[in-house]
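Please work through the exercises below with the sequence and the three-dimensional structure at hand. Each task is followed by a solution in steps.

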Amino acid sequence: MKTEKEAFPLDIQISFHKLFDLYRTKLSDGDFHDTDRVQKVLAIEKEHPKLSSGLSSHEEIQEYGEQIDFILEDLFNPVLQGNEIKVATSPFQEFIFKSTKRYQNIIAAAGEGFTPKLTNFDDNHFYILGCNIILSAYYGYNVDFKRPFYYNIPDASGTMRNYRILYNGDFMDVEKTANAPEITSEDLDELLENFDDVAVWKKKFPPGSWVFRGFVIANIFDVTLDVSISDFKSYLLKNESTEGKVVAEFGEIFRSIFNLPDLKIGFSDYNEEDGVFEKLLYKNAPSFILRNQTFQNCNDALCDTSYYTLFKQKGLYIVTNTKKYHKLYPKNVLYKKLLDQGIKSAILAAIVSEGKVLGVLEIVSPNVNDLNTVNANKLKDIMPYMIDSVVRSKAKVEKDLELIIQEECTSIHGSVHWKFKREAKRYLKALSEGTPTYYREVVFDNVYPLYGQMDIKGSSEARNQATKKDLELQLKHIQKIIKKIYRIEALPIYEQIDFRISEYLREFRKELQVDSERNVLNFVRSEIVPMFSHLGKKSDDLKELIDEYYEEIDRATGLVYKHRKDYDDSVMLINKRMASIIDKKQLEAQEMYPHYFERFKTDGVEHNLYIGESITKTKSFHKVYLYNLRLWQLQVMCEMENNYYKLKERLPVPLTVASMILSFNSSLSLRFRMDEKRFDVDGTYNARYEVVKKRVDKAHIKGTEERITQPGKIAIIYSQKEDEKEYLKYIAFLQHKKLLNKDVEILELEDLQGVTGLKAIRVSVLYSKDSDNDKDKDYYTYKDLMVQLNA
């Protein structure tokens, strides 16, 4: 029989010989109660031997249609005609010669001329399937090419239904013809290695070279719900770039799951930080809760009952008849909102992960009772996948927001992150809508600044001394080698180089010049390195000296890096220890009241603090939090001083530090400069604060040459009398706690460029040795400590 496929390895002969054989066996065994029927079936075989030998065309099958219906009656129970979906056919072909009433109804509902086709199979796959039937039925090879077989058939409403097919092959044989090559184990190996090469399969199994005699029974099952859930999972895994298509597919999938052709879905994203619904996830999906708004407070968007159900019980809120309930409760904002959109029934499902509501899935219908407490249970099978998708989507959006913030603003402190995130959301939403936009500057008005620093005193001089010692060490080592060479080979050029080295050393003893290091490096690279390369080959003693010299040299720079390394290591250790202290303490301060914090490592550690209502987001700021932060800052500076002097004795270079706090009486505006990726004070008057910050630590006491910042003391710079009174209270408290000494000084500062009238409170820090008992602690001033450390 000619198949529907262009080519097939099997010549199809519809035969019922195996069914006749089964009847004969059962009859002889006495297994059939209705022996009259069996006799009639076997009489048909005798009268129409073609039914056993095989029918080779559709016309012949139709000719014997009445006999075939009678023969297959036991396989198609009349009682189950309206329930079972079953057909008799040839393998993987569309030609069906008997079917149940329910199958016929399904095909009729699909529309005139509709013919079901197996999904996800092309002609090549069908050909290889036929070959696998031969390998299994004739040769007994276990070649597993089993895949689920599906029909997609639309119902009367146009909703696509999914049906799985299970084939019963009990009534078939495969016969070899003269044109069929013998299949060896080597042939099988080749076939197994070439699944995608249909030419190999056609060579081993030429079209029509085998005969299929028999028929197959296909049992068909409606698996729409299972397939829809599987499709739902697949679409949830798709990228954001295909979101529009995914949202459209969601609607089709949910319509299949609920078998409701008019069903629609929506989604409202929940922003826990602001307590609002917004449209950020699944932007192409509508939000029936928000309707035309971009965001709305959850309490305003929902009624009391729906809010309690979704956010407290974290469950499903179901409206079966919107019109009815709106009539009963006309002031209910949710019922009115749904009814205004033509929604007559709805399911609102809270998407919950780790006890937190992430959003609300909205399933709505224009028909009363379409959605109800019964079919809402179908959501139990898909909610875990929906939750997983929302979690991943939220993580992706958070990542996108962070990338925008980092790209536009670099790293942002957690206390102000919310405002940058709000601007990033606006920016991302505008981009997604195709609206031209830019990332706007973020401003915090009416914030109070606090500044503090622990500066390494004389760092420039210490660095110069380290550089000077390294250069001297390097030149003396070179000079030692040159003198030894001169004794071996008394050339005037060696004497001249020795003289130049002595001149360099003489200059260093007077003063290190700005270009001294560069001059020495040029001298070494242009004259010494080539010469040492030559001299190392002349004598083993010289080679040993030159090797010793190179062991002390930093290969990257060509210079000795010993004393400078000690200096750099000391600065690094100081900065690392002091930064870790204030970072740790800062976490505790944030718990007291949120504020902006940043710190910098230079030759020491400096920090900025800003506090105010515009930073904290909530309407809760009071000046008591500013006073608390000022006291906290002073106390932390005392702790940093104590920690530093415990560290000092372990430093390679015993550097000293001096601490300072700048108090600014007025509030100011803080603006994030997009071009410079940093915060800066806003306005001309406020810029005075920045000028003071940069210059005041170098300022002198009025009428003297003494700097205001001194080791062992904390200087508090201010300009207003009320600041003086405030800080004297804090100092008295910290004197009571034995953190500060009694030697309080009130000093006037020399005028700075553009800044006059500055004053300072200066007080000595008390240093203590570690002890578990405060009574056993010994306290020292800076002078006492220096005497003890140098003893």
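The exercises that follow treat strand pairing, salt bridges and surface patches.

The structure is a predicted model, in which local features need pLDDT of at least 70 and side-chain atom pairs count only at pLDDT 80 or more, while totals for chains, interfaces and linings use all residues. Residues are numbered from 1 along each chain as its sequence is written, and side-chain values use heavy atoms, with hydrogens and water left out.

**Exercise 1. Strand pairing**

Task: Determine in which sense β5 pairs with β4 and with β8, and name a bridge partner in each case.

Solution.
Step 1. Locate the elements, bearing in mind that helices (H or I, at least four residues) and strands (E, at least two) are DSSP runs, numbered from the N terminus. Strand β4 covers residues 149–154 and strand β5 residues 160–168, whereas strand β8 covers residues 216–222.
Step 2. Apply the pairing rule, by which two strands pair if DSSP finds at least two bridges between them. Six bridges join β4 and β5 in the antiparallel sense. β5 and β8 are likewise antiparallel, over six bridges.
Step 3. Name the partners. N162 in β5 stands opposite N152, and L166 has N219 in β8 as its bridge partner.
Step 4. Examine the hairpin of β4 and β5. Five residues lie between its strands, and G158 takes a positive phi near 95°.

**Exercise 2. Salt bridges between distant parts of the sequence**

Task: Find what the salt bridges K18–D173 and D603–R463 tie together.

Solution.
Step 1. State the criterion: a side-chain nitrogen of Lys or Arg within 4 Å of a carboxyl oxygen of Asp or Glu. By this rule, the structure has 31 salt bridges.
Step 2. Take the pair K18 and D173, whose N to O distance is 3.4 Å. K18 belongs to helix α1 (residues 17–29) and D173 to strand β6 (residues 172–176), so this salt bridge ties together parts that are 155 residues apart in sequence.
Step 3. Take the pair D603 and R463, at 3.1 Å from N to O. Because D603 lies in the loop between β18 (596–602) and β19 (604–611) and R463 in helix α18 (residues 459–488), the pair ties together parts that are 140 residues apart in sequence.

**Exercise 3. A salt bridge within a helix**

Task: Decide whether E724 is buried or exposed, and describe its salt bridge with K721.

Solution.
Step 1. Recall the classes: buried means under 20% relative accessible area, exposed over 50%, and partly exposed in between (1.4 Å probe, protein chains only).
Step 2. E724 has 7% relative accessibility and counts as buried, while K721, at 46%, counts as partly exposed.
Step 3. The closest N and O atoms of E724 and K721 are 2.9 Å apart. Both residues lie in helix α26 (residues 721–736), three residues apart, about one turn of the helix.
Step 4. Elsewhere, salt bridges that share partners join E706, K713, E745 and R762 into one network.

**Exercise 4. Surface patches**

Task: Which residues form the negative surface patch, and which make the nonpolar one?

Solution.
Step 1. Patches consist of residues with over 30% relative accessible area and no salt bridge; like charges are joined within 9 Å, and nonpolar side chains (Val, Leu, Ile, Met, Phe, Trp, Tyr) within 5 Å.
Step 2. The negative patch is formed by D540, D541, E544, E548, E551 and E552. E548 is found in helix α21 (residues 540–551) and is partly exposed at 33%.
Step 3. L728, V744 and I746 make a nonpolar patch of about 200 Å². L728 is found in helix α26, and its relative accessible area of 31% makes it partly exposed.

Definitions and conventions:
Areas by Shrake-Rupley, 256 points an atom, 1.4 Å probe, with all protein chains shown as cover. Lys, Arg positive; Asp, Glu negative; His and termini not counted. Charge placed at Lys NZ, Arg CZ, Asp CG, Glu CD.
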